[in-house]
Amino acid sequence: MKRGIYPGSFDPVTNGHVDMIERAAKIVDHLEVGVLNNRAKNPLFSVDERVSMLKEITKDMPNVSVSSFDGLLVDYMEEIGASIIVRGLRAVTDFEYELQIAQTNHRVNPNIDTLFLTTNIQYSYLSSTMVKEFASYGGDISHFVPLQFIDRIYEKYNIKK
Ligand code: ADP
C-alpha cells in the first residue's frame with residue numbers, strides 16, 4: 001500500500017489545492033493531507049480551522065485523510081508510514097525551492113520520494129497569498145476558493161459581503 005502525503009500551509013485552501021488532492025488521490029493508495037503547524041509564519045487561519053476546512057472538502061474522498069503536524073516532514077512521514085511526498089509545481093519560480101527540499105528529504109531518508117504534479121493550467125496563477133491579499137480589500141474570491149469558505153475568509157478581515 002502506497003501512502004502519500006500532500007503537505008502545505010493551506011492558509012486557506014484554494015481550488016488549486018483541491019484539484020491537486022483529487023488528482024494525487026488517484027495515484028497513491030492513501031493520501032494524507034498534512035497541514036504544517038508552522039509557528040514562524042503568522043497564519044490567517046489556525047491549524048484547527050485549516051484542518052477542519054480540508055476535512056470538509058475531502059469528506060467524500062474515501063482514501064484521503066487530513067491531519068496536522070509540526071517538526072520535520074520526514075519524521076511525520078515515518079510516524080504515519082508514508083513514503084511519497086506530493087507537491088505542486090505552478091511555475092519555474094517554484095522549481096528551485098522544491099527541488100532543493102525534495103533532494104534534502106531524499107538524502108535524509110532514501111525511501112522517501114517526491115512526486116510533482118504540474119498545476120492545472122486553470123489554477124497556475126493561484127496562491128493562498130494572492131487569495132488573502134485580494135480578500136483583504138474585499139475583492140471577489142469566488143473563483144479561487146471553495147464556495148463554502150468565502151464568508152469565513154472575509155470574516156477574518158471583518159468584511160461583510
Ligand atoms: P507551502 O507553504 O508549503 O508552499 P501551500 O499551502 O502554499 O504550502 O502549498 C502546498 C502545496 O500546494 C505546494 O506544493 C504548492 O506548490 C501547491 N500549490 C499551491 N497552490 C497551487 C495551485 N494553485 N495549484 C496546484 N498546486 C498548488
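## Briefing: loop, ligand site, cores and helix α4

Phe10 lies in the loop between β1 and α1, and in this predicted model the residue has a phi near 50°, a positive value in a residue other than glycine. Phe10 is also among the closest of the 15 residues that surround the ligand. The points below take up this loop and the ligand, then the nonpolar cores, helix α4 and the segment after α6.

**Backbone of the β1–α1 loop**
- Most residues other than glycine have a negative phi, and most peptide bonds are trans.
- Phe10, with its positive phi, has a relative accessible area of 3% and therefore counts as buried, the limit being under 20%.
- The loop between β1 (3-8) and α1 also holds Pro12, and the peptide bond that joins Asp11 to Pro12 is cis, with omega near 0°.

**Ligand surroundings**
- Besides Phe10, the closest residues to the ligand are Tyr6, Ser9, Gly88 and Tyr123.
- On the side-chain side, an N or O atom of Tyr6 is 2.6 Å from an oxygen atom of the ligand, while for the side chain of Arg87 the corresponding distance to a ligand oxygen atom is 3.1 Å.
- Tyr123 contributes through its backbone, where an N or O atom lies 2.9 Å from a nitrogen atom of the ligand.

**Nonpolar cores**
- The largest nonpolar core has 37 residues, of which Ile21, Leu31, Leu54, Val86, Ile141 and Ile153 touch the most other members.
- Two or more residues of this core come from each of α1 (15-27), β2 (30-36), α2 (47-58), β3 (64-69), β4 (84-89), α5 (128-136) and α6 (150-156).
- Leaving aside residues up to four places away in sequence, Ile153 touches Pro12, Phe45, Val131, Ala135, Ile141 and Val145.
- Another core, of 10 residues, lies apart from the largest one and has Leu73, Ile80, Ala82 and Ile85 among its members.

**Helix α4**
- Helix α4 (residues 92-108) has 17 residues, which at 1.5 Å a residue should span 24 Å, and this agrees with the 25 Å between its end C-alpha atoms.
- A bend of about 25° occurs in α4 at Glu98, which is itself one of the buried residues of the helix, together with Asp94, Ala102 and Asn105.
- An α-helix has 3.6 residues a turn, so residues three or four places apart point the same way.
- The buried residues of α4 are covered by elements that include α3 (73-80), β4 and β5 (113-118).

**Segment after α6**
- Asn158 lies in the segment after α6 and has a positive phi of about 55° although it is not a glycine.
- Asn158 counts as exposed because its relative accessibility is 69%, where the limit is over 50%.

Methods
Residues are numbered from 1 along each chain as its sequence is written. This is a predicted model: local features need pLDDT of at least 70, side-chain atom pairs count only at pLDDT 80 or more; totals for chains, interfaces and linings use all residues. Side-chain values use heavy atoms; hydrogens and water are left out. A nonpolar core is a set of buried Ala, Val, Leu, Ile, Met, Phe, Trp, Tyr and Cys residues joined through side-chain atoms within 4.5 Å. Buried means under 20% relative accessible area, exposed over 50%, partly exposed in between (1.4 Å probe, protein chains only). Helices (H or I, at least four residues) and strands (E, at least two) are DSSP runs, numbered from the N terminus. Contact means heavy atoms within 4.5 Å. The expected span of a helix is 1.5 Å times one less than its number of residues. The bend at a residue is the angle between axes fitted to the seven residues ending there and the seven starting there. A residue is near a molecule or strand if one of its heavy atoms lies within 4 Å of it. A polar contact is a pair of N or O atoms within 3.5 Å; within protein, one must be able to donate a hydrogen and the other to accept it, and residues adjacent in sequence count only if both atoms are side-chain atoms.
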